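Colleague: I should like a close look at a single part of this model, namely an open sheet in chain A. In what order do its strands lie, and what surrounds them?

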Amino acid sequence: MAKAFDVKNIRKDFPNLSITVRGRPLVYLDNAATTMKPQSVIDRLVEYYSHENSNVHRGVHYLSEKATAEFEKAREKVRQFLNAAKLSEIIFTKGTTDSINLVVSSYGRAFLKKGDEIIISAMEHHSNIVPWQILCEEKGTVLKVIPLDETGAYSVSDFKKILSPRTKFVSLVYISNSLGTINPIPEIIKISHSHSIPVLVDGAQTVNHRPVDVQKLDCDFLAFSGHKLFGPTGVGVLYGKADLLNKMPPYQGGGDMIASVTLEKTTYNVLPYKFEAGTPHIAGVIALGTAIDYINTIGFEKIMPYEEELLAYGTKALKKIPHLRMIGTAKNKAAILSFVLPNIHAHDLGTLVDEQGVAIRTGHHCTQPVMKHFCVPATSRASLAFYNTTQDIDRLVESIIKANKIFSKNI
Amino acid sequence: MSENSRAELYQQVILEHHHKPRNFGELTDATHDAEGYNPLCGDHLHIYLHVDDKNMIDKVAFNGDGCAISRASASMMTVALQGKSLEEAQKLFTQFHQLILGHLKPEKDPNHLGKLAIFSGIWQYPSRVKCASLAWHTMKGALEKTKTISTE
C-alpha cells in the first residue's frame, strides 16, 4: 500500500503527529473534527506575524500592501482549488458555520418568504439545520427533510419525493461527518436547477478528501472550513455564483464592505468585499493558501486511492470485533468509521482508548437527528486522513479490545 | 499526572455499580422526581425520591440510560441518600460537587462522602465531570421541584 504513497515521509510534515500521549505515540483519528497542520502552514502563520503583520485593504505603506497582496494571493489559490470562474466568487468567512449563516441570513431573508420550502437531509450537521430553523421561525418558511435508509444514505428518488412546487432552496451536506456517506449531490443539483432552485453544498468534509470543481458540480454555494483542510481554525470559505452574490444584501455591516459611507446613506463595496466586513483572519487566510499548496504537492489522485484502502482496511478490522455495530454502511463512503459497542457507552470507550494514546471522537457529532435515526445516544467515530496508517487502525482495534476486557469484568 | 492516577477512573466499584445498579427503576409513590439530560452525551436519568413527614429521604430510585460513570454515580447516590435528611442531602450534594471539581480532598478535608470518595480522580477528566454530576444535579432539581435538568 505504501509503495505508491509515502505516508512515512508525509507524517514527518506534521509535527503534532509525533507527540507522545499517555506514554504512547499518538494515534490521531479525529480528523473530521479538525486535521493536523503541516509545518509549512505553521511556519506561514509565524512568518506573517513576524515580518508581514499589517491590516489589509487599508494603508498605502509597504507592510499593508504586502499583507494585502499575500491575502489576495490566497484568494486566487482557493479559486484555483475549487476551479471557480471568478476571483470575486471566493468569500473568506470564519468557517463552514459562518458561511452557511451568511447564505441563510442574506439570501434567505431577502428571497425566501412564508410557505417557501427548504430541503435539507436528516444527516445534516447542526450548522446546516439550526440556521434554517431560525429563518423558519422568523419568516414562516418550511423545512423539509430527506429521510435516511438503514445504511445512513438517501437516493435521488428520496429527494424527488420531497421536492415540490414550493421548494425554493436546497441545502445539503456532500459527505456526512458522522456517517461518511457520500451523497448524490451532482444529480440533485441538476434536478434542482431544472426547477430553478439554488443549491448550497456543505463541503466541510469533502474538500479534504476529494477534488471539488464548482463549475463542473454547478453548485450555487459551497461552504467549507480551513481547519478541516490542514489549515488554521477561524477561517473558512463561501463560494457563491457571482450573479447570486451580487443580488444578495450584505450579511454584516462594517469596515471593508462599503464603497462610501455618509450618516444618511451607505453604498456597498463590490464582491467579494461586500461580504467581508471587518478585519479578517489575515494570517489564517494566507496560511490556508499554504495548506492548499501542501495538498497540491501530494495530489488527490494519490490521496483518494490511499484513503480508500485505509477505509477498507479499517472497516474490515473493526467488523472483526465481536458485537461491534457499524453506524453508516452506505455503499458510497468516505474514510469515516462510526460504530457502537453494546456493552460500552461511547464516552466510556473514548476515555479508555485515550488511555492508550488513541484519539477518537465520541458523542453525537453535532448530528443528533442521525443518532435518533439509528436509535443510539452516541457513537464512537474514527475519521481518517491521508497521514493515517494501517498501524493506526491496528492500535485502535487493540485499544477497543482492551476496553472490552475491562468492561466484561464483573458481568 | 501519572498513568496510574488516570487509569483509576474505571475502578471495580464503578464497574460493579454500572453492571448492577442499585435502586434501579421507578418509584411509583415518589414525592419528588426530575429528569436530567446531558445533551452533549445523550445521557438521560430520571431520579425519584420519597420524603417522609419528618423531612427524611426514605426511598430513592433512578432509571435511564447513560455511560458507566453517570450510571454508577446515580446508583451510588441512591445508596448514599437513603435515610438522610433534606439538609444532609444538600450538604452531601455540595461536598460531592467540590469533590469532582478537585476542590475537596477526601483524605484531608472533613466530609461525609464515604464510598463516594471513589470519584475523587474525575477532575482529571474534565469532559467526564458532567457524567458524574448529572444524577446529583437532577436530585437537587427534584428536591427543588424543577422538573427538567440539563447539564452542559
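Modeller: What follows describes the sheet and then its setting in the chain. The model is a predicted one. The open sheet of chain A has 7 strands, arranged as β4-β10-β9-β8-β7-β5-β6, with mixed pairing. At its edges stand β4 (90-93) and β6 (142-146) of chain A; each has a single partner strand, so one side of each has no neighbour in the sheet. On average, and with direction ignored, neighbouring strands are turned by 20° against each other.

At the β6(A) edge, the pairing can be followed in detail. Strand β5 of chain A, residues 117-121, runs parallel to β6(A) and is joined to it by 5 bridges. Within this pair, I118(A) has L143(A) of β6(A) as its bridge partner. Helix α5 of chain A, residues 130-139, lies across β5, β6 and β7 (167-173) of that chain, and runs at about 145° to β6(A).

As for the setting, chain A comprises 14 helices and 17 strands. Its radius of gyration is 22 Å, close to the 22 Å given by the globule rule for 411 residues, so the chain is as compact as a globular protein of that length. Of those 411 residues, 48% count as buried. Among the contacts in chain A between residues at least 6 apart in sequence, 71% join residues at least 24 apart. Y239(A) offers one example: beyond its neighbours within four places in sequence, its contacts include I90(A), V214(A) and F221(A). Both Y239(A) and F221(A) are among the residues that touch the most other members of the largest nonpolar core, which has 153 residues.

Definitions and conventions:
Residues are numbered from 1 along each chain as its sequence is written. Chains are lettered from A and ligands numbered from 1 in the order in which they are written. This is a predicted model: local features need pLDDT of at least 70, side-chain atom pairs count only at pLDDT 80 or more; totals for chains, interfaces and linings use all residues. Helices (H or I, at least four residues) and strands (E, at least two) are DSSP runs, numbered from the N terminus. The radius of gyration is taken over C-alpha atoms; the globule rule is 2.2 Å times the number of residues to the power 0.38. A residue is buried if 20 or more other C-beta atoms lie within 10 Å of its own, exposed if 12 or fewer, and partly exposed in between; C-beta atoms are placed from the backbone. Two residues are in contact if their C-beta atoms, placed from the backbone, lie within 7 Å. A nonpolar core is a set of buried Ala, Val, Leu, Ile, Met, Phe, Trp, Tyr and Cys residues joined through C-beta atoms within 7 Å. Two strands pair if DSSP finds at least two bridges between them. Axes are lines fitted to C-alpha atoms, for helices over the stretch in contact, and angles run from 0 to 180 degrees between N-to-C directions.
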